[in-house]
Amino acid sequence: MTKTVYYTASTLNGFLADEHHSLDWLFAVDTAGSPDIAAFMDSAGVFVEGSSTYEWVLKAENLLAEPAKWQQYYGSKPTYVFTSRTLPVPDGADVRFVSGDVAGVLEEITAAAGDLNVWVVGGGDLAGQFLDCGALNELVVTYAPAALTSGAPLLPRNVGADSLVLRSAEKQGEFAVLTYGVRGRESCTQSAEDGTP
């Protein structure tokens with residue numbers, strides 16, 4: 001069954017990126033024994049991200065000038081980018097721009113994943129929208145030994161302890177990897193179908 005998973009790295013105090021949308025803090029961490037991102041990517045059939053995350057990836061990996069790298073990372077799997085702006089696309093990349101509420105495109109995103117999972121890459125507010133909608137099944141947070149004074153928050157929501165259940169906690173290199181299941185709630189697609197708010 002397809003799961004929607006928010007998989008991300010975070011500082012100890014809950015930031016994804018600094019105030020300049022930089023991940024320099026993350027790349028300073030020793031990668032020996034670190035989480036196997038490639039294996040996780042293989043489990044995903046579709047990637048979902050916000051415009052800031054998408055633009056950072058384009059710039060950091062120089063993907064517009066070196067579009068072949070996109071295929072190395074993402075293959076032919078589609079990437080949905082939530083944005084209200086017109087953004088560039090690397091040659092040969094399957095990038096699908098969407099806007100508005102998650103509920104409006106959730107069925108399409110899930111169908112595009114096939115038998116694999118949906119990976120909500122980031123940012124935190126987009127993951128929060130999936131959570132609000134009852135469409136997030138799992139959070140996997142790889143905590144790095146770093147802290148920032150400000151930046152993009154991991155999950156800018158009030159989330160009670162009754163909403164999440166800890167499934168595993170592992171040490172992987174310098175990272176503490178925590179996996180949380182999201183306790184069942186009505187999905188936004190159910191609400192849309194039966195007319196409830």
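Author: Buried means that a residue has under 20% relative accessible area, whereas exposed means over 50% and partly exposed covers the values in between (1.4 Å probe, protein chains only). The structure is a predicted model, in which local features need pLDDT of at least 70, side-chain atom pairs count only at pLDDT 80 or more, and totals for chains, interfaces and linings use all residues. Residues are numbered from 1 along each chain as its sequence is written, and side-chain values use heavy atoms, with hydrogens and water left out.

Reader: Why is Trp 70 called buried?

Author: Its relative accessibility is 0%, so Trp 70 falls in the buried class. Tyr 74, at 10%, is likewise counted as buried.

Reader: What makes the rings of Trp 70 and Tyr 74 a stacked pair?

Author: Rings of Phe, Tyr and Trp (its six-membered ring) pair if their centres lie within 6.5 Å; planes under 30 degrees apart count as stacked, over 60 as edge-to-face and the rest as tilted. By this rule there are 9 aromatic pairs. The ring centres of Trp 70 and Tyr 74 are 4.2 Å apart and their planes stand at 25°, so both conditions for stacking are met. Both residues lie in helix 4, 4 residues apart, which is about one turn of the helix. Helices (H or I, at least four residues) and strands (E, at least two) are DSSP runs, numbered from the N terminus. An α-helix has 3.6 residues a turn, so residues three or four places apart point the same way. Trp 70 and Tyr 74 also belong to one aromatic cluster, whose other members include Phe 47, Tyr 54 and Trp 119.

Reader: Why does the pair of Phe 27 and Trp 56 count as stacked?

Author: The centres of these two rings are 6.0 Å apart and their planes make 10°, so the pair is stacked. Phe 27 is in helix 1 (residues 24-27) and Trp 56 in helix 3, so the pair links parts that are 29 residues apart in sequence. Phe 27 is exposed at 55% relative accessible area, while Trp 56, at 23%, is partly exposed.

Reader: How do you know whether Thr 79 is buried or exposed, and what is it in contact with?

Author: The relative accessible area of Thr 79 is 0%, so the residue is buried. Thr 79 lies in strand 4 (residues 79-82). Contact means heavy atoms within 4.5 Å; beyond its neighbours within four places in sequence, Thr 79 has contacts that include Phe 47, Trp 70, Tyr 74 and Asp 94. By contrast, Asp 101 has 61% relative accessible area and is therefore exposed. Asp 101 sits in the loop between strand 5 (95-98) and helix 5 (106-113).

Reader: What places the buried residues of helix 3 on the same side?

Author: The buried residues of helix 3 (residues 51-60) are Ser 51, Thr 53, Tyr 54, Val 57 and Leu 58. They span an arc of only 165° around the axis, so they lie on the same side of helix 3; the arc is that of the directions from the helix axis to the C-beta atoms. Among the elements covering these residues are strand 3, helix 4 and strand 4.

Reader: Why are strand 5 and strand 9 said to stand at the edges?

Author: Two strands pair if DSSP finds at least two bridges between them. The open sheet has 8 strands in the order 5-4-3-6-1-7-10-9, with mixed pairing. Strand 5 and strand 9 (164-172) each have a single partner strand, so one side of each has no neighbour in the sheet.

Reader: What joins strand 9 to strand 10?

Author: These strands pair in the antiparallel sense over 8 bridges, and Leu 164 has Val 182 as its bridge partner in strand 10. The two strands form a hairpin with 2 residues between them, where Gly 173 in the turn has a positive phi of about 60°. Strand 10 also runs antiparallel to strand 7 (residues 138-143), with 6 bridges. Of the 8 residues of strand 10, 6 are buried.

Reader: How do you know where the model has low confidence?

Author: pLDDT is the predictor's confidence in each residue, from 0 to 100. The mean pLDDT of the protein chain is 93, and 94% of its residues reach 70 or more. Over residues 190-197, pLDDT stays under 50. Where pLDDT is low, the predicted coordinates should not be read in detail.
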